[in-house]
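Student: Hey, I've just been handed a structure I don't know at all. Can you walk me through it?

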Amino acid sequence: MNVTVFGLGFVGLTTALGLAHIGNKVYGVDVDAARKKTLRGGQLPFLEPHMDEVLKTHLDKNFFVTDDVAASVSDSEVIFYCVGTPYGEDGSADLTYLFAAIDTTIEAVADDKFRVLVTKSTIPPSTTAEKIIPHVKSKCGEKNFAVANNPEFLREGHCWEDFIGADRIVIGTDEERAREVLTTLYTPLNAPIKCVTPSTGEFIKYLSNTLLATLISYSNEMAQVADTIGGIDVAEAFRILHMDKRWNIAVGGGIK
Ligand SMILES: NC(=O)c1ccc[n+]([C@@H]2O[C@H](COP(=O)([O-])OP(=O)(O)OC[C@H]3O[C@@H](n4cnc5c(N)ncnc54)[C@H](O)[C@@H]3O)[C@@H](O)[C@H]2O)c1
């Protein structure tokens, strides 16, 4: 499949190289000229284990850092958005970069070929349904787009292993054709693929982020308590804590 990825940061570069690695032709687009120059020279713009070798393997073979957005988007069936969505002081996500990249895509397309526009950036639940889909519909005219989200769960410092060895792939879309295209794209990763509504997909990413933050705060608090008491092997205590099957609770199952 042919794919364009907007934003070549941790998430976008990993996605682009990961999809190139499993047999796709991938175009990478970024607004940062220095970042593109570094990548074209075969260097990573940040430290990330294994990715420098993968970049060298795929650069200019099936991964292309391009300035010709019109040509890359026209040649692609799937367009990923991996741009920043920083949080403002009021906690709302700044979607400026995301909508700029979506608008660039819509303007670049001149035919009515079916394409899937996929947000990988982290966006608040309901953004796809209430903002992205209405925006795309209002601008696309006769052009043929489906919209989906596909949240990313990777950790900086472990980007490659987290992408290639993903625990699960979440595809949030109401459109059957988009579901089929993205399922086909991700099948070579051999990870469970979960198809849900767009808002469910976005909510899963928020559940993941908030639970991880809660667990980190809780673990730090409990480690301090253990230090104060003394004589406690905290790492061992947590390992044994996590052996409890009840942590795999399902909705409605509750903790007994
Ligand atoms: N870094 C992580 O660990 C992580 C994990 C999961 C999800 N996320 C989410 O993924 C998204 C991207 O995160 P990141 O860490 O990769 O960000 P990043 O800042 O490393 O990279 C974003 C890239 O997008 C580029 N960009 C901005 N506007 C653009 C445009 N219009 N067209 C093309 N490129 C454009 C920037 O120049 C930059 O290179 C964010 O929403 C973030 O919350 C990040």
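**A first walk through the chain**

Tutor: Sure, let's begin with one residue: Glu175 sits in the loop between β7 (169-172) and α8. Keep in mind that this is a predicted model.

Student: Okay. Is Glu175 buried, exposed or partly exposed?

Tutor: Glu175 counts as partly exposed, because it has 13 to 19 as the range to fall in and its count is 16 C-beta neighbours inside 10 Å.

Student: And how far is Glu175 from Val116 in space?

Tutor: Their C-alpha atoms are 9.7 Å apart, although 59 residues separate Glu175 and Val116 in sequence.

Student: Let's zoom out. How many helices and strands are there in the chain?

Tutor: The chain has 10 helices and eight strands. Its radius of gyration is 20 Å, close to the 18 Å that the globule rule gives for 256 residues, so the chain is as compact as a globular protein of that length.

Student: What box do the C-alpha atoms fill?

Tutor: Roughly 65 × 40 × 40 Å, taken along the principal axes.

Student: What share of the residues is buried?

Tutor: Buried residues account for 30% of the 256 in the chain.

Student: And what about contacts between residues at least 6 apart in sequence?

Tutor: Of those contacts, 69% join residues at least 24 apart.

Student: Back to β7, then. Where is Ile171, and is it buried or exposed?

Tutor: Ile171 is in strand β7. Ile171 is buried, because 23 other C-beta atoms lie within 10 Å and the cut-off for buried is 20 or more.

Student: Which residues is Ile171 in contact with, leaving aside neighbours within four places in sequence?

Tutor: Among them are Ala148, Asn150, Arg179 and Leu182. The list also includes Thr183, Ile193, Cys195 and Gly201.

Student: How far is Ile171 from Asp244?

Tutor: From C-alpha to C-alpha, Ile171 and Asp244 are 29 Å apart, with their positions 73 residues apart in sequence. Asp244 is in the segment after α10 (234-241). Asp244 counts as exposed, because it has 9 C-beta neighbours inside 10 Å.

Student: And how far is Ile171 from Asn248?

Tutor: Their C-alpha atoms are separated by 22 Å, and the two are 77 residues apart along the chain.

Student: Switching to helices: at what angle do α6 and α9 pack?

Tutor: Helix α6 (residues 127-140) and helix α9 (residues 198-229) pack at about 120 degrees, and their axes are 8 Å apart. That angle makes α6 oblique to α9.

Student: Which residues meet there?

Tutor: On the α6 side they are Thr127, Thr128 and Ala129, and they meet Pro198, Ser199 and Glu202 in α9. By class, the residues of this contact are two nonpolar, three polar and one charged.

Student: Tell me about Ser199. What does it touch, not counting residues up to four places away in sequence?

Tutor: Ser199 touches Pro125, Ser126 and Ala129. Ser199 counts as partly exposed, because it has 18 C-beta neighbours inside 10 Å.

Student: How far is Ser199 from Val26?

Tutor: Their C-alpha atoms are separated by 27 Å, and the two residues are 173 apart along the chain.

Student: New topic: the ligand. How many residues surround it, and which are the closest?

Tutor: There are 24 residues around the ligand, and the closest are Gly7, Gly9, Val11, Tyr97 and Ser121. The elements that give two or more residues to this shell are α1 (10-21) and α5 (96-108).

Student: How does the shell divide by class?

Tutor: The shell has 12 nonpolar, seven polar and five charged residues.

Student: Last one: what about phi angles?

Tutor: Most residues other than glycine have a negative phi. His50 has a positive phi, near 75 degrees, and is not a glycine. His50 lies in the loop between α2 (33-40) and α3 (51-58). With 13 C-beta neighbours inside 10 Å, His50 counts as partly exposed.

Student: And what is phi for Asn190?

Tutor: Asn190 has a positive phi too, about 55 degrees. Asn190 is in the loop between α8 (176-186) and β8 (193-196). Asn190 counts as exposed, because it has 11 C-beta neighbours inside 10 Å.

Conventions. Residues are numbered from 1 along each chain as its sequence is written. This is a predicted model: local features need pLDDT of at least 70, side-chain atom pairs count only at pLDDT 80 or more; totals for chains, interfaces and linings use all residues. A residue is near a molecule or strand if its C-beta atom, placed from the backbone, lies within 6 Å of it. Helices (H or I, at least four residues) and strands (E, at least two) are DSSP runs, numbered from the N terminus. Ala, Val, Leu, Ile, Met, Phe, Trp, Tyr, Cys and Pro count as nonpolar, Asp, Glu, Lys and Arg as charged, and the others, Gly among them, as polar. A residue is buried if 20 or more other C-beta atoms lie within 10 Å of its own, exposed if 12 or fewer, and partly exposed in between; C-beta atoms are placed from the backbone. The radius of gyration is taken over C-alpha atoms; the globule rule is 2.2 Å times the number of residues to the power 0.38. Two residues are in contact if their C-beta atoms, placed from the backbone, lie within 7 Å. Axes are lines fitted to C-alpha atoms, for helices over the stretch in contact, and angles run from 0 to 180 degrees between N-to-C directions. Angles under 35 degrees count as roughly parallel, over 145 as roughly antiparallel, 65 to 115 as roughly perpendicular and the rest as oblique.
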